[in-house]
Amino acid sequence: MCAQRLKVTVGVSGGIAAYKSVELVRLLQDAGYDPHVVMTRAAEEFVRPLTFAAITGHKVITSLWSEDAGVGSEADESGIEHINEAQTTQALIVAPATAHVLAKFAHGLADDFLSTMYLATTAPVIMAPAMNVTMWDHPATRANVETLRARGVTFIEPGSGYLACGMVGGGRLADNTAILATLQSVLASANISTNDLTGETVIVTAGGTREAIDPVRFIGNRSSGRMGFALAEAAQRRGARVILIAAPTTIAPPAGCEVICVTSAAEMQAAALQRLNEATIVVMAAAVSDYTVKNATQKLKRDGARTLELEPTADILREISTRRNPGTLVIGFAAETEDILANGRAKLERKGVDAIVVNDVSSPHLGFDSKNNAGTILTKDHEVAIPPTTKAAMAERILDEIKRLRTLPTS
Ligand SMILES: Cc1cc2nc3c(=O)[nH]c(=O)nc-3n(C[C@H](O)[C@H](O)[C@H](O)COP(=O)(O)O)c2cc1C
């Protein structure tokens, strides 16, 4: 399957942090986007356009009046390049955004390519300011930010720390990973997608199974279902048909997916195997109990100490992996608290799956029951670290990696 990459434009303005945009462009590429770069005149004092051109494989736009802009230029049938760039991009990210660029955007000045393009685009605009702390705190800059925010521009606030000017304070360009995560969530809320999973049928398992102790009590786990639901939602938005097999969760499933509700590990196993034939991708994000309770038939009475007899549940991931159709990709999750990567690699081998997403669930702020997550996607040939981010952004990264696996020759 040929994945069509989303075009995003990175506007680089003339701040000392311009060199960090080189890494940002690389990161965007790794995340599956097709970045194009527009530079202000001042930005060229800090980084050469050639650097961006070499990385992106596209001409870097530096002027409204450059020789190859205008009539007959490569990407422009209408003959007006800033309009073409403004209309064909899916998002404009300005990083770093100088105080000057903020002022120009806020006042609608259009004296170079970037500021003219800003006025001409209807795509979402994201700005990551970076400047000296006094410039950042200046009422003029603050007012410009508020004006732009009120017009729908998304800001990624600069961080605090040591600044290039020697001062310490706010004004430091946000991390590139935060810029990427913001782009992903802005595109997701604008319903902009690549449709690169069109033609795929994805089974996603989500939630935490419950094993009956007796007719009213159960053994459960802390899974909220958020990670699986984020995957189902993102896969659907990217064009896939989604079958969501949901164990009990604390939130509502995304609209538009076919939802099969199950409770126990045995029900999840039955549902997954029953629909496996339809799947081209299976992502098993549910937290499935490893044990079930033997003889859970009668309600237990309080009459002294008791011992529950547990028996292992079926290994659904292994079974799905063994029984899948040729070409179907299977991705598992591993929640680990120690030796995270080593345990993840062992699980990848043991289960015979295409990828394992390992989460460190020892942190109280990530993973189970949280809106955020972090982890590492392990495949036979690759390792993608996902720093703490939203589950929506993590879902996009996992699907990007699934897309990459699709392009590899089958072994
Ligand atoms: C060495 C140096 C570093 C600069 N760093 C920044 C910066 O980090 N942020 C900023 O807003 N302006 C910075 N400036 C000032 C801008 O380059 C200047 O305002 C310029 O007009 C910005 O043009 P542009 O916004 O069109 O790129 C710096 C200037 C110099 C000479």
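**View 1. Strands β1 and β3 run parallel and are joined by three bridges.** Here β1 covers residues 6-12, and its valine 10 stands opposite isoleucine 93 in β3. Helices and strands are DSSP runs, H or I over at least four residues for a helix and E over at least two for a strand, numbered from the N terminus. Before going further, note that this is a predicted model: local features need pLDDT of at least 70, side-chain atom pairs count only at pLDDT 80 or more, and totals for chains, interfaces and linings use all residues. Residue numbers start from 1 along each chain as its sequence is written.

**View 2. Five strands make an open sheet with parallel pairing.** Read across, the order is β2-β1-β3-β4-β5. Two strands count as paired if DSSP finds at least two bridges between them. At the edges sit β2 (33-39) and β5 (154-155), each pairing on one side only. Helix α1 (residues 20-30) packs on this sheet, where it touches β1, β2 and β3, and its direction makes about 155° with that of β2. Helix α5 lies across β1, β2, β3 and β4 and runs at about 125° to β2. For these angles, axes are lines fitted to C-alpha atoms, for helices over the stretch in contact, and the angle between N-to-C directions can run from 0 to 180 degrees.

**View 3. The ligand has 15 residues around it.** Which of them come nearest? They are Gly14, Gly15, Thr40, Ala42 and Thr98. A residue is near a molecule if its C-beta atom, placed from the backbone, lies within 6 Å of it. By type, the shell holds nine nonpolar residues, six polar and no charged. In this count Ala, Val, Leu, Ile, Met, Phe, Trp, Tyr, Cys and Pro are nonpolar, Asp, Glu, Lys and Arg are charged, and the others, Gly among them, are polar. Helix α4 (residues 99-107) gives the largest share of the shell, with three residues.

**View 4. Helix α4 has Ala99, Val101, Leu102, Lys104, Phe105 and Ala106 buried.** Buried means that 20 or more other C-beta atoms lie within 10 Å of the residue's own; with 12 or fewer it is exposed, and in between it is partly exposed, with C-beta atoms placed from the backbone. What do the buried residues of α4 pack against? Their partners are β3 (92-97), α5 (113-120), β4 (125-129), α6 (133-137) and α7 (139-150). Just after the helix comes glycine 108, with a positive phi of about 70°.

**View 5. Eight strands line up in an open sheet with mixed pairing.** The order to follow is β12-β11-β8-β13-β16-β17-β18-β19. β12 (258-261) and β19 (383-390) stand at the edges with a single partner strand each, so one side of each has no neighbour in the sheet. On average, neighbouring strands here are turned by 15° against each other, direction ignored.

**View 6. Strand β8 (residues 201-206) is mostly covered, with five of its six residues buried.** Six bridges tie it to β11, running parallel, and in that pair threonine 201 has arginine 241 as its bridge partner. With β13 (residues 281-284), β8 pairs in the parallel sense over four bridges; there, threonine 205 is matched with methionine 284. Going on to the edge, β11 (residues 241-246) runs parallel to β12 and is joined to it by four bridges, with isoleucine 245 partnered by isoleucine 260.

**View 7. β18 runs antiparallel to β17 and antiparallel to β19.** Three bridges join β17 (residues 355-360) to β18 (residues 372-378), and valine 358 pairs up with threonine 376. Six bridges join β18 to β19, including the one between glycine 375 and isoleucine 386. The link between β18 and β19 is a hairpin through four residues.

**View 8. Alanine 392 lies in helix α13 (residues 391-407).** Is this alanine 392 buried or exposed? It counts as buried, because it has 22 C-beta neighbours inside 10 Å. Leaving out residues up to four places away in sequence, alanine 392 touches Ser185, Ala188, Ala230 and Ala234. Touching here means that the C-beta atoms, placed from the backbone, lie within 7 Å.

**View 9. The protein chain has a mean pLDDT of 89, and 93% of its residues reach 70 or more.** pLDDT is the predictor's confidence in each residue, from 0 to 100. Over residues 69-78 it is below 50, and this stretch has 14 contacts in the model beyond near neighbours in sequence. Where pLDDT is low, the predicted coordinates should not be read in detail.

Notes:
Contact = placed C-beta atoms within 7 Å.
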